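Please look at the structure shown below, which is a predicted model, and follow the report from a strand to its sheet, then to a helix and the core.

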Amino acid sequence: MTESTFCKICGNALSAKDITLSTSGYPFSNGHRLREYCGAPLHLHCVEKWPDRIEFSKAYYEHRYAQFVKEGWYIIAEHEDWFVGFIPPGPNMTPPAGMEDLVEVRIKDWPFVLYGHAEKWTEFFLGQWREYHPALYGRTLVRAAMVVRDVQQILPDTNTIVEVINERLSRKESAVSSSRSPVAG
Ligand SMILES: [Zn+2]
């Protein structure tokens, strides 16, 4: 417990007014030098200057990307250094109420995630993307804003997202029905 009151990068005590980032999950194996930073609070200004930032962020990014592929979740847009993911409802995946349309934006070189709702995608671009990270500032904020602008080029509105998701769903259904057809026939 006491550990979490210190920034893992600079080792200084955290105060309530400090702006921090922390991650969830462990993309590094036990014994990896970056393992101890996983889930730990990190000053945002320390992350900005941290030489390991890109390696750390990329591991989370690639881990999450692989998880999307493995689970058959939908990557609805991607670029060389970010992707937008949507987790479709499934037998093992019942989203909490109000979260059914949650979309996540992952960025390869920064360890934070932007969340938005497909139904309120216009609002996401108008500033709701900051809702989960209201305290972002400096280079981190600039980077987030750049990614949001890139995403807007590819997924400009709710209709575009719905079309992409429906297309993925219908592909899945036709795969299911064609695998069933030998049985039915
Ligand atoms: Zn620090």
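## Two faces of β6

Along β6 the side chains take turns: Leu114 and Gly116 point to one face and are buried, whereas Val113, Tyr115 and His117 point to the other face and are not buried. In a regular strand, side chains alternate between the two faces of the sheet, and this predicted model lets a reader follow that pattern residue by residue in β6.

The strand is joined to β5 by a hairpin that runs through 5 residues, and the two strands pair in the antiparallel sense over 5 bridges. Within this pairing, Leu102 stands opposite His117 of β6, while Val103 has Gly116 as its bridge partner in β6.

## The sheet around it

β5 and β6 belong to an open sheet of 4 strands, whose order is β3-β4-β5-β6 and whose pairing is antiparallel. Because β3 and β6 (113-117) stand at the edges with a single partner strand each, one side of each is left without a neighbour in the sheet. If direction is ignored, neighbouring strands of this sheet are turned by 20° against each other on average.

## The helix α4

The helix α4 has 17 residues and reaches 25 Å from its first C-alpha to its last, which is close to the 24 Å expected at 1.5 Å a residue. Its buried residues are Thr140, Val147 and Val151, and because they cover an arc of only 40° around the axis, they lie on the same side of α4. On the other side of α4, Gly138, Val142, Arg149 and Gln153 are exposed.

Against what do the buried residues of α4 pack? They pack against the helix α1 (44-49) and against the strands β3, β4 and β5.

## The nonpolar cores

The largest nonpolar core has 20 residues, and those that touch the most other members are Ile76, Ala77, Val84, Val105, Val151, Leu155 and Ile161. At least two residues of this core come from each of β3 (74-79), β4 (82-86), β5 (102-107), α3 (121-125) and α4 (138-154).

Val84 is a useful residue to examine here, for when residues up to four places away in sequence are not counted, Val84 touches Ile76, Ala77, Val103, Val105, Val151 and Leu155. A second core, separate from this one, has 9 residues, among them Cys7, Val47, Ala59 and Tyr61.

Methods:
Residues numbered from 1 in each chain as written. Predicted model: local features only at pLDDT ≥ 70, side-chain atom pairs only at ≥ 80, totals over all residues. Core = buried A, V, L, I, M, F, W, Y, C linked by C-beta atoms within 7 Å. Buried ≥ 20, exposed ≤ 12 C-beta atoms within 10 Å, placed from the backbone. Contact = placed C-beta atoms within 7 Å. Expected span 1.5 Å × (residues − 1). Arc of directions from axis to C-beta. Pairing = 2+ DSSP bridges. Axes fitted to C-alpha atoms, helices over the stretch in contact; angles between N-to-C directions.
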